[in-house]
Amino acid sequence: MKHLTRNEFNRIVDNELSSQEKIVVDQHLFDCSSCSDELKSYKSINSLLFDQNVEEAPTGIENLIMRKIARKLRNDKSQKTFFRFIVSLFSVGVLAILGFVGYRASQTVLQVSLDSNMIQWLNQTSAQAKSFISLAFGEKNLRSLEVTMLLFLVLSIYFLVEKYKTIRR
Amino acid sequence: MKHLSDIEIIDSVLQGNANDYSLLINRYKHKAFSLLKRMLKNEMDAEEVLQDCFVKSFFALKSFKREAKFSTWFYRIVYNSAVTKLSVKKRKIEQEMLSIDNEDNPLMLSVPEKEFTQQKGELLNLAIQELPENYSVVITLFYLESMSCEEISKIINTSVNNVKVLLHRSRAALKEVISQRHLEKELL
């Protein structure tokens, strides 16, 4: 029989030989001192590896990790608060736009059906809102307020998209 | 104190007891550190990646499916993080080699000769660190973690037969390192 191969040595060490293979291999090992020595070294490598030491992680590493986690949790919380703020801003923007659109529509297109209670209420509310805003910011600033609202809406959409991208990542 | 299983600890953490996660850290930190140190061949890098792995796994606990063991799932994170770190490191070294013509500077991944004068356990660790990363991973998971070839195959994303081949080759490679360093007397 030829000398044992590396694969055969490994299979002996891992107890993977069939009973028939084992008989043939044992016979060869009995006759061949070179393979017998080689097997000894394979076995000692194997037992050496079973006895290997675990390398100790630096002391206090768990505290460092827990601190990192706590910091990240805090950051996530503040991000959530920011997200809620943006959602509120977005809602305010949408409501404001709807209000202005409603107001303008009631002034022009829906003027024919002014007898409707709903439209009357809308008209009144919009007019009140307009006069309140005019009082607060002045008549001239009314249009710039509309533009600002629109800007808020666009910004909110931008932040929402960015947040969505972060979540997807 | 009652010995909690990994799953019990995870359940507790998911219920809001974040501090219980330190139990998992204490359970796996040494073995994961051994694996990382052998793969990255640098203590500082191993420590940094170990911290990142624990933080990453904390925030991914919700996505942990209980089909596999926690250890298998966690070591997969450790292995992947180490592979990423190694590729970044190799790219950095390649860039440095391009900019500096340093023929006398050997690759920084090898273990210094002078370190081969220590005790048996340390000598073996240094010999294992000399092996290529995939060999040291298989040796560490198989012998230190007592994992089966099947579990290892899931961690390093390869077939069971491939793991067996790697295990065989790594033993032969370790034997080679030991004889090259003339450590037969000390180790075998």
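What follows is a walk through the helices of two chains, the places where they pack, and the contact between the chains. The model is a predicted one, so everything below describes computed geometry.

Let's start with the overall make-up. Chain A has six helices and zero strands, and its elements simply read α-α-α-α-α-α along the sequence. Chain B also goes without strands, with a count of nine helices and zero strands; from the N terminus on, its pattern is α-α-α-α-α-α-α-α-α. Burial is where the numbers for each chain are worth a look. In chain A, 8% of the 169 residues are buried. In chain B, 32% of the 188 residues count as buried. As for contacts with a separation of 6 or more, residues 24 or more positions apart account for 61% of them in chain A and for 62% in chain B.

One buried residue of chain A makes a handy example. Ser156(A) sits in helix α6 (residues 141-168) of chain A. Is Ser156(A) buried or exposed? It has 20 C-beta neighbours inside 10 Å, and the cut-off for burial is 20 or more, so Ser156(A) counts as buried. Leaving out residues up to four places away in sequence, Ser156(A) touches Ile86(A), Leu89(A), Phe90(A) and Gly93(A). Take Leu89(A): it lies 67 residues from Ser156(A) in sequence, yet the C-alpha atoms of the two are 6.6 Å apart in space.

Over in chain B, there is a good deal of nonpolar packing to look at. The largest nonpolar core has 49 residues, and those that touch the most other members are Ala32(B), Leu36(B), Leu50(B), Val78(B), Val138(B) and Leu141(B). The element that gives the most to this core is α2(B), with 10 residues. Ala32(B) shows what such contacts look like up close: setting aside neighbours within four places in sequence, Ala32(B) is in contact with Leu50(B), Cys53(B) and Val78(B).

Three helices of chain B, α6, α7 and α8, can be taken pair by pair. First up are α6(B) and α7(B), whose axes come within 10 Å and cross at roughly 135°. An angle of that kind is neither over 145 degrees nor between 65 and 115, so the two helices count as oblique to each other. Their crossing is right-handed. On the α6(B) side, Val137(B), Val138(B), Leu141(B) and Phe142(B) take part, and they meet Ile152(B), Ile155(B) and Ile156(B) of α7(B). By class, this contact has seven nonpolar residues, with no polar and no charged ones.

Next come α6(B) and α8(B), with axes 9 Å apart and a packing angle of about 100°. These helices are therefore roughly perpendicular to each other. Here Asn134(B), Tyr135(B), Val138(B), Ile139(B) and Phe142(B) of α6(B) meet Val163(B), Leu166(B), Leu167(B), Arg169(B), Ser170(B) and Ala173(B) of α8(B). The class count for this contact is eight nonpolar, two polar and one charged. Val138(B) and Phe142(B) appear on the α6(B) side here, and they also appear in the contact with α7(B).

That leaves α7(B), residues 149-156, against α8(B): the axes come within 8 Å and cross at roughly 100°. This pair, too, is therefore roughly perpendicular. In α7(B), Cys149(B), Glu150(B), Ile152(B) and Ser153(B) are involved, and their partners in α8(B) are Val160(B), Val163(B) and Lys164(B). These residues divide into four nonpolar, one polar and two charged.

Finally, how many residues does each chain bring to the contact between A and B? Chain B provides 30 and chain A provides 25. On the chain B side, the elements giving two or more residues are α2 (21-40), α3 (43-60), α5 (120-129), α6 (133-144) and α8 (160-180). The most comes from α2(B), with 10 residues. Sorted by class, the chain B side has 16 nonpolar, eight polar and six charged residues.

One of those elements, α5(B), ties the two chains together in this account. Its buried residues include Leu124(B), Asn125(B), Leu126(B), Ala127(B), Ile128(B) and Gln129(B). What covers them comes from both chains: α3 (33-50) of chain A is part of the cover, together with α2, α6, α8 and α9 (184-187) of chain B.

Definitions and conventions. Residues numbered from 1 in each chain as written. Chains lettered and ligands numbered in written order. Predicted model: local features only at pLDDT ≥ 70, side-chain atom pairs only at ≥ 80, totals over all residues. Contact = placed C-beta atoms within 7 Å. Helix = DSSP H or I, 4+ residues; strand = E, 2+ residues; numbered from the N terminus. Nonpolar A, V, L, I, M, F, W, Y, C, P; charged D, E, K, R; others polar. Axes fitted to C-alpha atoms, helices over the stretch in contact; angles between N-to-C directions. Parallel < 35°, antiparallel > 145°, perpendicular 65-115°, else oblique. Buried ≥ 20, exposed ≤ 12 C-beta atoms within 10 Å, placed from the backbone. Core = buried A, V, L, I, M, F, W, Y, C linked by C-beta atoms within 7 Å. Left-handed = near helix turned anticlockwise from the far one by under 90°.
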